[in-house]
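Colleague: I am new to this one, so could you walk me through it?
Modeller: Gladly, let us look together.

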Protein chains: 2
Amino acid sequence: MNFHLSFHLNEKVYLRDPESSELGKRLIKSAIDLIYELGFEHFTFKKLALEVNTTEATIYRYFENKHRLLLYILNWYWSYMEFLVMFRLQNMTDPKEKLKTIIELLTQELPESSGMMDYNKRYLNQIIISESSKVYLVKEVKEINKSEVFKPYKDLCAKIAEVVTEYNPDYQYPRSLSSTLIETSHFQQFFSNYLPKLTDVGALGQKDYTALFLSNLLFTVLGDQSLK
Amino acid sequence: MNFHLSFHLNEKVYLRDPESSELGKRLIKSAIDLIYELGFEHFTFKKLALEVNTTEATIYRYFENKHRLLLYILNWYWSYMEFLVMFRLQNMTDPKEKLKTIIELLTQELPESSGMMDYNKRYLNQIIISESSKVYLVKEVKEINKSEVFKPYKDLCAKIAEVVTEYNPDYQYPRSLSSTLIETSHFQQFFSNYLPKLTDVGALGQKDYTALFLSNLLFTVLGDQSLK
DNA sequence: TTTAAACAATAGTAATACTACTATTTAAAT
DNA sequence: ATTTAAATAGTAGTATTACTATTGTTTAAA
C-alpha cells in the first residue's frame with residue numbers, strides 16, 4: 001500500500017505554500033538538512049538558496065523570514081505527531097497503554113516513511129529537540145500567537161491531556177502535565193546527550209533513558225491506577 | 001547592615017572581567033535592561049554601545065559575542081540562585097520544608113537588593129524565563145561545555161538533587177528531576193503568561209500557578225514522606 | 001621622566017536580512 | 001493564434017549586524 005499524507009497548515013505561516021511547487025518542496029527538505037547541520041542560528045536563506053540553486057529573494061517569496069520557515073517545519077511536525085498519536089491509539093482501550101505509547105512516540109525517532117514526504121526523520125528529530133522552543137521564546141510571541149500558528153502544538157497538548165484525564169479524572173493539571181511531558185522529553189534527551197550531569201544517565205548511557213524517566217514521572221504523578 | 005555579594009565567575013566566559021571597571025559594570029546593567037526590552041534576538045552590541053555611550057569595539061574587548069554576554073548573566077544568576085538556596089535552607093531540618101523553599105525561589109521574583117549589584121531583578125527574571133535555554137541549545141554546546149561554563153547550572157542542579165535524595169533516598173532520578181524542576185518552572189511561567197492553553201491556569205490566572213503545579217508534581221513523584 | 005601596559009575609539013570588512021525592480025513563463029481571454 | 005495579465009523567479013541593490021586591525025590616549029610603574 002502506498003498513500004500520501006498531507007496536512008493543511010495555517011496559511012499565516014507562509015507567504016506562498018511550499019507544497020504548491022517543486023522548488024517549494026525542495027526548499028523544506030533542504031532547510032531540514034541545513035538547520036540540522038548548522039543549527040538555527042547559523043542557518044541563513046543565502047545558504048539555503050545556494051543549496052537548492054535559487055536566490056534569497058525567491059525564498060523570501062515563500063517565507064517572511066527564517067523564523068517562519070522553522071515555524072512551518074514545527075507545524076508540520078506537531079500535526080504529524082498528533083496524527084501518529086491518534087493512529088497508534090486507535091482501538092486501544094487501556095489508558096495506561098495509551099500513555100505508554102505517547103511516551104514512546106515522544107522519545108523515539110519518527111517512523112521512517114509511511115506515506116509522507118521523505119524528510120530526513122533523524123534530522124527532523126534533532127531539530128525538534130534543539131530548536132523547537134526558539135519559535136515561541138521570542139519577544140513577538142503574543143503577536144505571532146494571534147494568527148493561530150501555535151494551534152497544532154496546543155491541539156497535540158490537548159489530545160495528550162485528554163488521555164491523562166481518562167487515566168486519572170481527578171488530576172488537576174492535565175494540560176500543564178502534557179506540555180511538561182513534551183518539553184521535558186526534548187531537553188532531557190538533549191541534556192542526557194550533551195550535559196549528562198544534569199541527568200542521571202550515568203556512564204552506561206541507556207538508550208531509552210528519557211522514556212524511563214518520563215514513565216516513572218508520569219505514572220507516579222497520576223497514581224498507579226491498576227491498584228484501584 | 002550593608003554587605004556586598006560577588007561571585008567568582010569562570011574567566012572563560014569573558015575576555016575582560018566586566019566587574020573590573022565602571023564601564024564593565026554599566027555594560028552588564030544595561031545589557032539586562034536591553035535584552036529584556038528587545039529580546040535576545042534583537043539585542044546587539046551596537047545598541048548596547050549606544051546605551052552606555054561607548055563603541056561596539058570596546059564591548060568586544062569584554063565579550064567575544066552576545067551569546068557569551070548572555071552566558072555571563074546566566075552564570076551570575078545560577079551562582080546567585082545557588083547562594084540563595086544555601087542561605088534560605090540554613091538551619092532547616094525538614095527536607096519537605098527545604099523543597100518547598102526551593103520551589104518558591106524558582107517561581108518567585110528574585111529578592112530586590114540584598115548586598116549585591118542593583119540589576120533590575122524583574123527584568124533578570126524574565127530573561128531567565130525567556131532566554132536562558134538559548135545559551136545551551138546551540139550547535140556549539142559540546143565545545144562550549146568543555147570550558148566548564150555550565151558548571152554553575154550543574155552545581156545548582158546537584159544541590160537541589162541533594163535535597164531530593166534527602167527527602168526520598170529511594171528516588172532514582174534526582175538530577176533529572178531537578179533539571180526538570182528548573183526548566184519546567186521557566187516554561188510553565190512562560191506558557192501560563194503567553195500560551196495559557198498549554199496549561200491549566202484558566203481565566204482567573206492564579207498568581208502562584210506554576211508553584212502550585214510544581215509542588216503537586218514534586219511531592220507526588222517523591223511520595224508524601226510524612227505518611228511514613 | 002620615561003616607558004610600557006592597559007584601555008578605548010576610529011575606521012574599516014564580510015556576512016546577514018531584507019526589498020525594489022526587472023525578466024520570464026504560463027495560462028486565460030480574445 | 002495572438003494578446004494580455006497573472007504568477008513566478010532573478011538581478012541588483014541597501015541597511016544592519018557581527019566582528020577586527022589599527023591608532024590614539026591614559027595610567028601607573030620603572
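**Two chains and a DNA strand**

Modeller: To begin, this is a predicted model. Chain A superposes on chain B by a rotation of 180 degrees with 0.0 Å of shift along its axis, at an RMSD of 0.0 Å.

Colleague: What relation is that between chain A and chain B?
Modeller: Two copies of a chain are related by a rotation about an axis and a shift along it. Here the rotation is 180 degrees and the shift is 0.0 Å, so the relation is that of a two-fold axis.

Colleague: Which residue of chain A comes closest to the rotation axis?
Modeller: The same surface serves both copies, as 100% of the contact residues of chain A recur in chain B. As for the axis, the C-alpha at 2.7 Å from it belongs to the closest residue of chain A, A:Val221.

Colleague: Which side chain has a polar atom 3.2 Å from a base nitrogen of DNA strand D?
Modeller: Two side chains reach a phosphate oxygen instead: B:Lys47 has a polar atom 3.5 Å from one, and B:Tyr60 also has one at 3.5 Å. The base nitrogen is paired with a polar side-chain atom of A:Arg61.

Colleague: Which element gives the largest share of the surface near DNA strand D?
Modeller: In total, 16 residues surround the strand, with A:Thr54 and B:Asn65 among the closest. They divide into five nonpolar, five polar and six charged. The largest share, three residues, comes from α3(B).

Colleague: What percentage of the DNA strand D atoms within 4 Å of the protein belong to sugar or phosphate?
Modeller: Those atoms fall into two groups, with bases making up the rest. The sugar or phosphate part is 60%.

Notes: Residues are numbered from 1 along each chain as its sequence is written. Chains are lettered from A and ligands numbered from 1 in the order in which they are written. This is a predicted model: local features need pLDDT of at least 70, side-chain atom pairs count only at pLDDT 80 or more; totals for chains, interfaces and linings use all residues. Side-chain values use heavy atoms; hydrogens and water are left out. A residue is near a molecule or strand if one of its heavy atoms lies within 4 Å of it. A polar contact is a pair of N or O atoms within 3.5 Å; within protein, one must be able to donate a hydrogen and the other to accept it, and residues adjacent in sequence count only if both atoms are side-chain atoms. Helices (H or I, at least four residues) and strands (E, at least two) are DSSP runs, numbered from the N terminus. Ala, Val, Leu, Ile, Met, Phe, Trp, Tyr, Cys and Pro count as nonpolar, Asp, Glu, Lys and Arg as charged, and the others, Gly among them, as polar. Copies are superposed by least squares on the C-alpha atoms of residues with pLDDT of at least 70 in both. Contact means heavy atoms within 4.5 Å.
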